[in-house]
Amino acid sequence: MKPLIHFVHGKESGPWGTKIRHLAKIAEEMGYDVESLDYSSTTDPEVRVGMLVDACRKRPADFLVGSSMGGWVAMTASASIPVKGLFLLAPAIDIPGYPPYRLGCEGNAIEIVHGWRDSLIPAANVIRFSQNTLCTLHLVDDEHRLKNRLVQTGHYLASFLKRMNG
């Protein structure tokens, strides 16, 4: 069986949006199975964590890739299920109304891509998190959706997966 990557979409996006489709194709070309659950039935991040944890108990994931709220969900789920690493896109870190995240991965197993001009999640939040965990952080000239840096983000994902399986 191939190793599995679970993609976790954001609050208002869907399981197979442009970013996930692009990144999933790269992962599949690198020999991974990919899964992306539909979390649109709830906007409660803790409920989404439960959905991901349940899915990973049925078939364990090697990596979690989360975007925005999905980043928070992936981080928090990693405290309950063993994964090799987290690849996070504009993760919802230290956002009012969200419970405190939990984290099960060491900093060297976390890589983040975040836009300098993100108006929803301040870059300062992600910089602070990255300093505290000593994870890899790519700050790019883009907004929250990272739509102008999709190709670059794909290169970062491929590099991350190669490094983690090194």
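## Strands 4 and 5 within the sheet

In this predicted model, strand 4 and strand 5 run in the parallel sense and are paired over 4 bridges. One position in this pairing can be given by residue, since Leu-88 has Ile-112 of strand 5 as its bridge partner.

The pair belongs to an open sheet of 6 strands, arranged in the order 2-1-3-4-5-6 with parallel pairing. Strand 2 (33-36) and strand 6 occupy the edges, where each has a single partner strand, so one side of each is left without a neighbour in the sheet. From one strand to the next, the twist averages 15 degrees.

## Helices packed on the sheet

Helix 1, formed by residues 18-29, packs on the sheet and touches strand 1 (4-8), strand 2, strand 3 (63-67) and strand 4. The direction of helix 1 makes an angle of about 175 degrees with that of strand 1.

Helix 2, formed by residues 45-58, lies across strand 1 and strand 3, and its direction is at about 165 degrees to strand 1.

## Two loop residues with positive phi

Most residues other than glycine have a negative phi. Ala-90, however, has a positive phi, near 45 degrees, and is found in the loop that connects strand 4 (85-89) with strand 5 (110-115). The relative accessibility of Ala-90 is 1%, and because buried means under 20%, this residue counts as buried.

Leu-146 likewise has a positive phi, in this case near 55 degrees, and its place is in the loop between strand 6 (136-140) and helix 5 (150-164). With a relative accessibility of 2%, Leu-146 also falls under the 20% limit and therefore counts as buried.

## The largest pocket

The space in the largest pocket amounts to about 570 Å³. Its lining comprises 22 residues, and those that lie nearest the centre of the pocket are Gly-10, Ser-13, Ser-68, His-144 and Arg-145.

Helix 1, which also packs on the sheet, supplies the largest share of this lining, with 3 residues. By residue class, the lining of the largest pocket divides into 9 polar, 8 nonpolar and 5 charged residues.

Notes
Residues are numbered from 1 along each chain as its sequence is written. This is a predicted model: local features need pLDDT of at least 70, side-chain atom pairs count only at pLDDT 80 or more; totals for chains, interfaces and linings use all residues. Side-chain values use heavy atoms; hydrogens and water are left out. Buried means under 20% relative accessible area, exposed over 50%, partly exposed in between (1.4 Å probe, protein chains only). Two strands pair if DSSP finds at least two bridges between them. Axes are lines fitted to C-alpha atoms, for helices over the stretch in contact, and angles run from 0 to 180 degrees between N-to-C directions. Contact means heavy atoms within 4.5 Å. On a 1 Å grid over the protein atoms alone, a cavity is a set of points where a 1.4 Å probe fits but cannot get out, and a pocket is an open set with protein on both sides within 12 Å along at least five of seven lines; lining residues have an atom within 4 Å of a point. Grid points are joined across faces, edges and corners, and a volume is the space filled by probe spheres set on the points. Ala, Val, Leu, Ile, Met, Phe, Trp, Tyr, Cys and Pro count as nonpolar, Asp, Glu, Lys and Arg as charged, and the others, Gly among them, as polar.
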